[in-house]
Amino acid sequence: MALLVVKFDLKKRVKLAQTVWFMYWFAVLAGILVLSLGLFFKIELRKRSELMDNNESHFLPNVLIAMGLIACGINAFGGKVCYDSLDPTKFAKWKPMLKTFLVFCMGFNALLVVTALLCFVMRIPFQFTLAEGLKNGMKFYKDTDTPGRCYMKRTLDLMQIEFRCCGNDNYRDWFEIQWVSNRYLDFSAKEVKDRIGSNVDGQYLMDGVPFSCCNPSSPRPCIQYQMTNNSAHYSYDHYTEELNVWRRGCRDALLSYYGGIMNTIGALVLLVTMLEVAVTVGLQYVDTSLSTLANPEDMESESEGFLLEKTVKETFTDIMAKMKAMGKGAKVEEGGEEGVATVS
Amino acid sequence: MALLKMKFSQQRRVRLAQGLWLLSWLAVMCGAFIFCLGVYLKIELLRRDEVMENTEIHVVPNLLMMVGLASIGANWVASRVCQDSLDASRFPRWKVLLLGWFAVAMLLCCLLLAVVVLSYALQGSLEESLKVGLRNGIRFYKDTDVPGRCFQKETIDRLQMEFRCCGNNNFKDWFEVQWVSNRYLDFTSQEVKDRIRSNVDGRYLLDGVPFSCCNPASPRPCLQNQLTDSRSHYNYEYQSEELNLYSRGCRQALTDYYMGLMNSTGPGVLSIILIQLSVLLSMRYLQTAVEGAMALESPEGESEGYILEKDVKATYADVKAKALDLLKFAQVDPTSEAAGAEEGEKAAEATEKAATPPPAS
């Protein structure tokens, strides 16, 4: 009992071939879309690679790029086959490869589903990458004279301005590191000596933040220094002050940004998977409808198209039997050779 | 002597019609592109509306949008004419419309050229408008509690950060304005009292700038206050410090940005003018060729297409004569009526005279 049998006459076959050909061209565009999404994600990761630790993995965008290229190739080939399917002579040369091609397509679709799942899951390791990278970034904020780290200040400042965030978890992270370079500290001044003496590592710590943490929506000019000292500023209470600096931490901000990108890409890849499944099913019908012609010589005769030759259970047992036979065949060969060896 | 005459066989006419149909659809896309360009420019200008004082520069995107829409319509009509041109029964109804269409197409080309010229000519007006708008913005920076001006601070801060500029001409503009609101000044402190007394208007002026002027590329944490005093910061020299703040003024930055936008669209607009002109010329050839073919005894034969029926001088003389005729016709009418009335009177008198003697006799 074949699965999902559909009867086809010539007109219906032609229509089916045309529709599937059309859908294949859409699928080529979808493959290009996946490729460009992978490229976009790769570029976005590269842009902020300084803020991620060295183990940042480009695995996901590379997979997307590869899948996009393969999808383009498969769909172009499938479109060509559909185009030729209306001409029996041209179709005859594609006929032998179609079965393997369809199996390959199914495997590719499964891989696409896995890719989509990856997009949703990769958020978790990404979180740790970001946390580590941002912590280091803040530590190197002051090292504008160290080669290799001299752009960290600019990167962090621009990032805090663009993503409207301050520090790792919140603005207090800046209180715990020295972000003013020693080059700009007057070591003969009492204030500097006090601050350096006040902690174990001899760091110049202060309750201030860089200017990039300032919130332009604040009604008052930005208060960056002596933030915890209410008496240092007129009409200021640091417990109730909300608009002065950005309250969100940069790890959260970046995570939600990249998480949003990954979710969107995952959803789009799922849609592309559905399209791919549809064209694979369409090609299967085209293939079977052309192989089951009632009268092989007459192109106008009726035929049947089906999804699977037998029911799902039977197909499954068939595949298992084939695999067992292949396994046994290998064993029997060895046993036969041994038998021959021992006999002689 | 017709201008730029060309012979058209039936096949050539068909080719011309098909080519013109494709070209007119291309021109429709170009019209849509011009419209979108106008919309984009208008949105960009509206985004920074708060720092511009007048809207003279808006004439450029408005013209672009109008011309875009008109061009879409005109070129769509052209494609319909092409479709009908090879059918002798349907073509004549377009005859009258075509004259108007030529006028509209010429007008569109002229308007597009005017847009290109205007986008250069209005640069001065844009700068003036920005100067006044930015000056007001900087003056009202502190008024975050005054309705209608409460967003001025956020607007100016975001503008300075996005365009990497400070103040109107440079950062010293901030020294001349009180940009800290009185709400946050402690009037009992000596420093505040000194500063307020130090100038005529009683304003709290300082040699400091808002945080949005800070340049992230500076190697040192941003210095915002006491900028002119080299001793107030360690290892700081006011005259030679370049990277601390943005050195460009916002008026210059914004003008450069908008001029860059309009200049980069210049080549596109010029090439669209060329496309429109070629549609116009091809339509003229098609019209004259098809009309010539319809006048022939055998419609499948050769006909001539031209741009002007006579050469430029003769056409100009013709047009002048026609215009004068129209004028003369308007003038001659009253005098000929008077002459007719006189004649009528004379005739009436004559008949009266003829009528009166018989009773006498």
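**Note on the pockets, cavities and chain contact of a predicted model**

1. By class, the residues lining the second largest pocket are 10 nonpolar, 5 polar and 5 charged. The structure under discussion is a predicted model. The second largest pocket holds about 760 Å³ of space. Its lining comprises 20 residues, and those closest to the centre are A:Val103, A:Met106, A:Gln284, A:Leu308 and A:Thr315.

2. Three helices of chain A give two or more residues each to the lining of the second largest pocket: H3 (88–121), H7 (250–291) and H8 (312–343). Of these, H3(A) supplies the largest share, with 6 residues.

3. The largest pocket contains about 1600 Å³ of space. A total of 49 residues line this pocket, and A:Tyr225, A:Gln226, A:His233, B:Asn225 and B:Gln226 lie nearest its centre. The elements that contribute two or more residues to the lining are helix H6 (190–197) of chain A and helix H6 (190–197) of chain B. The lining of the largest pocket divides into 29 nonpolar, 10 polar and 10 charged residues.

4. Turning to enclosed space, the structure has 3 cavities of 30 Å³ or more. The largest cavity has a volume of about 100 Å³. It is lined by 13 residues, of which B:Val115, B:Val116, B:Ser119, B:Met262 and B:Thr265 are the closest to its centre.

5. Which helices of chain B each supply at least two residues of the lining of the largest cavity? They are H1 (10–47), H2 (59–85), H3 (95–121) and H7 (250–295). The most comes from H7(B), which gives 5 residues. No charged residue is found in the lining of the largest cavity, where 9 residues are nonpolar and 4 are polar.

6. The second largest cavity encloses about 70 Å³ of space. Its lining is formed by A:Tyr171, A:Met227, A:Thr228, A:Tyr236, A:His238, A:Glu241, A:Asn244, A:Val245 and A:Arg247. In terms of class, this lining has 4 nonpolar, 3 polar and 2 charged residues.

7. The contact of the two chains should be considered next. The size of an interface is often given as the accessible area lost when the parts come together. Between chain A and chain B the buried area is about 2400 Å², and carbon and sulfur atoms give 65% of it. On the side of chain A, the residues that lose the most area to chain B are A:Tyr184, A:Phe211 and A:Pro216, which together make up 27% of what that side buries. The contact takes 27 residues from chain A and 26 residues from chain B.

8. How many salt bridges are there between chain A and chain B? The count is 0. There are, however, 8 residue pairs in polar contact across the interface of chain A and chain B, with both residues at pLDDT 80 or more. The side of chain A that touches chain B consists of 14 nonpolar, 6 polar and 7 charged residues.

9. Over all chains, the count comes to 26 salt bridges. One salt bridge is formed by B:Glu44 with B:Arg47, whose closest N and O atoms are 3.1 Å apart. B:Glu44 and B:Arg47 are separated by about one helical turn because they are 3 residues apart in helix H1 of chain B.

Notes: Residues numbered from 1 in each chain as written. Chains lettered and ligands numbered in written order. Predicted model: local features only at pLDDT ≥ 70, side-chain atom pairs only at ≥ 80, totals over all residues. Heavy atoms only, no water. 1 Å grid on protein atoms, 1.4 Å probe; cavity = no way out; pocket = protein on both sides within 12 Å on 5 of 7 lines; lining within 4 Å. Points joined across faces, edges and corners; volume = space filled by probe spheres on them. Helix = DSSP H or I, 4+ residues; strand = E, 2+ residues; numbered from the N terminus. Nonpolar A, V, L, I, M, F, W, Y, C, P; charged D, E, K, R; others polar. Contact = heavy atoms within 4.5 Å. Buried area = accessible area lost by both parts, 1.4 Å probe. Salt bridge = Lys/Arg side-chain N within 4 Å of Asp/Glu carboxyl O. Polar contact = N/O pair within 3.5 Å; in protein donor to acceptor, adjacent residues only side chain to side chain.
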